[in-house]
Amino acid sequence: MRQLFDSNTWQEIFQSISKNKVRTFLTMIGVFVGIYIYVGLSGASKGLDNGFERQFETVAMNTMFAWAQSTSMPYDGFKTGRQLQLKVGDIDVLQNRIPEIEYITPRNAKGVFGDTPGVVVRGTKSGNYAVYGDFPVFTRIATKKIYDGGRFINDEDIEQTRKVCVIGERTQKELFDKEEDPIGGYIRIDNIYFQVIGVHKFTPGGGFESDSDIFIPFTTYRKLYNTGDNIGWLTMAAYDDADVIQVEKDVKSVLKSIHRVHPDDERAFGSFNLGEIFNRIMGFSNGLTFLSLIVGIATILAGIIGIGNILLISVKERTKELGVRRALGATPSEVRNQIIIESLFLTLLAGIIGIIIGALTLKGIDMATQGTDFPYANPTVPIPLVLGALGLMIILGTLIGLIPAQRAVSIRPIDALREE
């Protein structure tokens, strides 16, 4: 340990490095590239995780959607091509038969799937906007950010079929004056007056919404557009420990049973499983982290082996010098420690440079993707992983340094002094 802080030790190390600058540089590249790849890929996987969590921060992780289509197989006396229609009563059946469903709510919409949007008028201003009919439970699946002073639809709105609405921030800008508070104001949706109870801030991932959408109570929507018990689609969220892929299959199976559809008809009901997408993203991210670990360690190991080879050559070139040191009284342990310290120094120097350059690269990518739709944010590598990599380099650097160190110790002083 005392030799580690001896200025003569470091003077000899730097003299050895300065004599072979290019060779030393090329040797350190292996360790540098290894730790750089490790930090880069690990940080990139974390950045993707953070990016997707930010994109869908308002949506339950196990969210899925289901809607009715047309049959592709005849069944129970019905012909092929029968157009199906989801009903409000389907919800109770699904909840009773599939206990893995935590939340489920029907949704209706006008102006979303190519149909005519709602005509909204306020004074002399007007526009066409998508109108949704929703239950309060929808916010348990996809959180709606409501500006201060407002609220979303509640149970009393549903029970009393109130003519209230939540408008989007863009709708507010287009229908209300800049300094005007829209809360408590009135707008006319398809010739029916609605009181504004909230303004929602658009966040991605909640389905098909935009920053101009208008939300009204489901019961009010049904009365306004005479939809009866028909619903456009179902939005569901499974429990966290549920198998979302199996839940999706169970939902379709139960719907086929309710609507008398052939069990093998895969076109009768459409679905989109956001939970499955999340699982794939997490799997990809974990795979990227594992890949960074394998590739990084392999490259670091190759680089450290290169350092060991260079030190062997260095020992061979310094045979006479080492012999003089031994003849002047240097102990075998001092010679051995000299070589090991040099090995550790080169390994850690290359590793630290790789960590710094890798971190700067991640920061540059983060700055370049800010303000874009690319799902990437705050790419970081956990400190324990960085410390683990440094610890691994210390261990490997020490072990690989033992080989040239032992070679140096094995040289007899008398033989070294005869070396030409």
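In which loop is D243 found? In this predicted model, D243 sits in the loop that lies between β11 (233–238) and α8 (244–258). The residue is partly exposed, its relative accessible area being 46%. D243 contributes to a negative surface patch, together with E100, E102, D240 and D241. Membership of such a patch requires over 30% relative accessible area, a condition that D243 satisfies because its value is 46%.

A second surface patch is nonpolar and has an area of about 500 Å². The residues that make it are L349, I352, I353, I356, I357 and L360. Of these, L349 belongs to helix α11, which covers residues 332–369. L349 is partly exposed, with 34% relative accessible area, and it therefore passes the cut-off of over 30% for patch residues. An α-helix has 3.6 residues a turn, so residues three or four places apart point the same way.

Burial was also assigned within helix α7, which spans residues 218–225. F218, T219, T220, Y221 and Y225 of this helix are buried, a term that denotes under 20% relative accessible area. N226 follows α7 and has a positive phi, near 55°.

Strands β3 (residues 118–122) and β4 (residues 125–129) run antiparallel and are joined by five bridges. Within this pair, V120 of the hairpin stands opposite G127, which is in β4. Two residues separate β3 from β4 in the hairpin that they form. The turn contains G123, for which phi is positive at about 65°. In a regular strand the side chains alternate between the two faces of the sheet.

Positive phi values also occur at residues that are not glycine, including T161 and N191. Most residues other than glycine have a negative phi. For T161 the angle is about 50°. This residue is placed in the loop between α5 (155–159) and β7 (164–168), and its relative accessibility of 26% makes it partly exposed. For N191, phi is about 70°. The loop that holds N191 runs between β8 (186–189) and β9 (192–201). N191 has a relative accessible area of 62% and counts as exposed, because the limit for that class is over 50%.

Note on methods:
Residues are numbered from 1 along each chain as its sequence is written. This is a predicted model: local features need pLDDT of at least 70, side-chain atom pairs count only at pLDDT 80 or more; totals for chains, interfaces and linings use all residues. Side-chain values use heavy atoms; hydrogens and water are left out. Patches are made of residues with over 30% relative accessible area and no salt bridge: like charges are joined within 9 Å, nonpolar side chains (Val, Leu, Ile, Met, Phe, Trp, Tyr) within 5 Å. Accessible areas come from the Shrake-Rupley method with a 1.4 Å probe; for residues, only the protein chains shown count as cover. A salt bridge is a side-chain nitrogen of Lys or Arg within 4 Å of a carboxyl oxygen of Asp or Glu. Helices (H or I, at least four residues) and strands (E, at least two) are DSSP runs, numbered from the N terminus. Buried means under 20% relative accessible area, exposed over 50%, partly exposed in between (1.4 Å probe, protein chains only). Two strands pair if DSSP finds at least two bridges between them. Lys and Arg count as positive and Asp and Glu as negative; His and the chain ends are not counted. The place of a charge is taken as NZ of Lys, CZ of Arg, CG of Asp or CD of Glu.
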